[in-house]
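Here is a short tour of one protein chain, meant to be read with the structure open beside you. Feel free to rotate the view as you go.

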Amino acid sequence: MPASRSESGQLELRHDAIERGASQAARAVDRRVLMIGLLVLLVAAAGIGVWMQSTWRAMRTELQERMLTALAEAAAPVALLFSEVERSLSDLATKRSPSAASGGLWLLMPNGRGAILDPSGRPIDKVEDLALPPAVELLGLIKEARESGQPKVSLPFQVGYDWYATAVRPHSADPRYSAAVTFSINAMLAAWQSRNPSSEASFALLTRDGRVWLRQPFAAQLVGADASQGPLFRAMREAGTATGIAAISQGDEQESGERMVAWRTLQLFGLAIAAGQDMDNVTLVWRDRYLWLFVGAGLVAVAAVGAVVLFGRALGREAARREAAMLQVEASEERFRDMADAASDWFWESDEMGRFAYVSDRVRDASGLDPTWFKGRSFAELIDLEHDREHAELFLGDLEDRRPFREYIFRMDLGRGRFRWIKASGKPLFDEDEVFLGYRGTASDITLAREAESRAAAAQLRLLRAVESVSEAFALFNRNDRLIMCNERFRALHLPGDEAKIQPGMTYEEFLNLIGRTGRVSLDGLSLEAWVARRLRLRALGEAAEQRMADGAWFSVIDHRTPEGDCIAVFTDITQFKQREAQLITLAKRDGRKGEAG
């Protein structure tokens with residue numbers, strides 16, 4: 001035992017050394033692969049970051065160009081409207097004399113009406129349909145136009161459901177008088193709306209002093225609002241250019257955001273048009289256009305890293321396999337010798353004539369035979385041909401045909417009535433020129449196992465004979481209540497003519513349901529489920545049960561538990577006892593009636 005433990009410990013040490021070497025090689029490769037994977041991930045992340053920044057700048061530049069284009073398109077109807085207003089105003093100031101007797105209302109443009117105003121701002125003729133701004137604003141407008149010598153326009157004002165604006169300029173013949181044109185701005189708002197159907201961008205007209213002249217989306221409360229201190233007007237003032245674009249911050253500290261604005265100064269009435277759009281809209285457009293591309297690129301990068309890691313793992317496993325193979329090769333001869341000494345089998349070799357040339361010393365411990373006893377002998381001399389000649393001849397034929405064999409079992413005659421059972425395996429050996437050299441293989445002594453099998457088979461046969469000799473119906477169930485064996489009396493009692501349905505492995509409950517459905521057993525007026533439940537309950541309590549057959553026979557059922565937990569069920573015929581019992585009950589009842597009559 002100490003020697004065996006020492007040999008086992010050496011094997012474990014060699015095995016551990018091989019595993020450690022293979023594991024170290026695999027870990028070294030894994031570390032390098034992990035570093036490469038991280039490097040690939042970092043490079044991919046940096047590349048995606050640079051790509052995101054470049055697409056963001058390109059998107060922002062594209063939106064700036066689109067905003068400038070939209071601003072030019074929005075300025076077109078404004079310039080057209082005001083050029084018509086200025087032309088109509090010039091015609092009215094030069095061609096209509098304040099002292100002309102005809103007077104009245106002039107229709108100067110599709111959406112405009114004009115008149116000559118006196119110094120107090122009243123039309124010199126009675127005009128009913130001419131809409132004018134409030135008197136204070138109108139007089140201030142006339143004063144500004146007279147002082148500057150340039151036409152001026154009022155802030156939009158509402159009349160009914162429509163919005164108007166009035167432009168004035170001094171009369172060319174008599175500066176005390178003014179030419180005035182009132183025009184509708186509804187058409188301009190509609191034109192803006194058609195060019196900007198979404199609410200992403202907003203447009204506004206601003207006066208020279210920073211007041212809101214008009215805004216789209218339209219908001220009445222913002223007309224005339226002071227925007228001179230706002231970020232838009234401040235950006236325009238700081239740029240000092242007629243056209244420009246900038247990013248501005250809006251809101252207070254609690255609510256702030258960045259907004260892209262563009263502006264363009266008009267040459268008429270000192271107005272400027274501006275357009276604005278939240279940078280969040282830029283982000284949304286960028287996300288809709290590029291997000292899935294970046295997600296796809298990220299997935300590709302992750303897949304690439306995964307492929308590198310998987311490839312590296314494969315390299316690691318290959319490195320570990322090679323390292324383990326090298327260590328195994330180095331220890332193969334020593335391991336073979338140790339296994340040969342520790343195994344229950346022994347090794348053997350035969351020459352080209354089939355005679356044993358080598359048998360390992362392990363045969364002495366396994367079978368008590370000296371290795372030299374085998375030398376010079378052949379399998380034909382060892383096999384007891386009288387025991388199983390047919391299989392022995394087939395085996396010897398395989399040897400002559402030089403075919404491999406595995407676990408061939410034969411009885412070896414040692415003389416003087418002594419026999420040993422041998423199990424052998426072998427394969428033929430050939431040189432490079434396919435010349436047969438002999439056999440090499442292993443063998444083991446299985447005499448003790450064969451003898452134990454013979455004893456077990458004999459004991460099983462004796463048990464079966466004993467069970468069959470019992471007059472009662474007998475069955476053995478295991479601890480899981482499954483049938484192990486039963487005698488023919490048991491089968492014939494419950495299923496005559498159909499005994500094969502009772503098979504090992506069925507549970508006791510399945511057996512009860514089977515015989516209950518055949519009608520061979522009386523259920524005593526109960527349903528099948530109730531009758532089975534009662535029998536199982538009695539069995540669990542260890543109480544005997546009485547079973548009445550459909551033909552009137554009675555059987556006592558007694559279950560015995562073995563120490564191993566198995567259960568023996570014995571069915572004893574008590575029909576005569578039950579009949580005698582019934583007769584005694586009948587006589588007792590008859591004697592009772594006689595006593596009552598006497």
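## Cysteines

Let's begin with a simple count: this predicted model holds zero disulfides. Two cysteines are still worth finding in the viewer. Cysteine 486 has a relative accessible area of 9%, under the 20% cut-off, and is therefore buried. Cysteine 567 is buried as well, with a relative accessible area of 0%.

## The chain as a whole

Stepping back, you will find 14 helices and 21 strands along the chain. It has 598 residues, and 37% of them are buried. Contacts between residues at least 6 apart in sequence include many long-range pairs: 49% of them join residues at least 24 apart. The exposed surface comes to about 35300 Å², with carbon and sulfur atoms supplying 54% of that area.

## Two nonpolar cores

A general point helps here: in soluble globular proteins, nonpolar side chains tend to be buried together. In this chain, the largest nonpolar core has 38 residues, and the members that touch the most others are Phe82, Phe183, Trp192, Leu205 and Trp213. Several elements each supply at least two residues of this core, among them helix H1 (2-95), helix H3 (186-195), strand E6 (178-184) and strand E10 (256-265). The largest share, eleven residues, comes from H1.

There is also a second, separate core of 28 residues. Its members include Phe490, Leu512, Leu514 and Val557.

## A closer look at helix H13

Now turn to helix H13, which covers residues 528-541. Its 14 residues reach 20 Å from the first C-alpha to the last, close to the 20 Å expected at 1.5 Å a residue. Which residues of H13 are buried? They are Leu528, Trp531, Val532, Arg535, Leu538 and Arg539, so two arginines appear in the list beside the nonpolar residues. Viewed down the axis of H13, the buried residues fall within an arc of 130°, which means that they line one face of the helix. The spacing fits a familiar rule: an α-helix has 3.6 residues a turn, so residues three or four places apart point the same way.

What covers that buried side of H13? The cover includes helix H12 (508-518) together with strands E17 (473-477), E19 (545-548), E20 (554-561) and E21 (567-573). On the face turned away from the buried side sit the exposed residues Glu529, Ala540 and Leu541. Just after H13 comes glycine 542, with a positive phi of about 75°.

Terms used:
Residues numbered from 1 in each chain as written. Predicted model: local features only at pLDDT ≥ 70, side-chain atom pairs only at ≥ 80, totals over all residues. Heavy atoms only, no water. Helix = DSSP H or I, 4+ residues; strand = E, 2+ residues; numbered from the N terminus. Buried < 20%, exposed > 50% of the residue type's maximum accessible area, 1.4 Å probe, protein only. Contact = heavy atoms within 4.5 Å. Areas by Shrake-Rupley, 256 points an atom, 1.4 Å probe, with all protein chains shown as cover. Expected span 1.5 Å × (residues − 1). Arc of directions from axis to C-beta. Disulfide = S-S within 2.5 Å. Core = buried A, V, L, I, M, F, W, Y, C linked by side-chain atoms within 4.5 Å.
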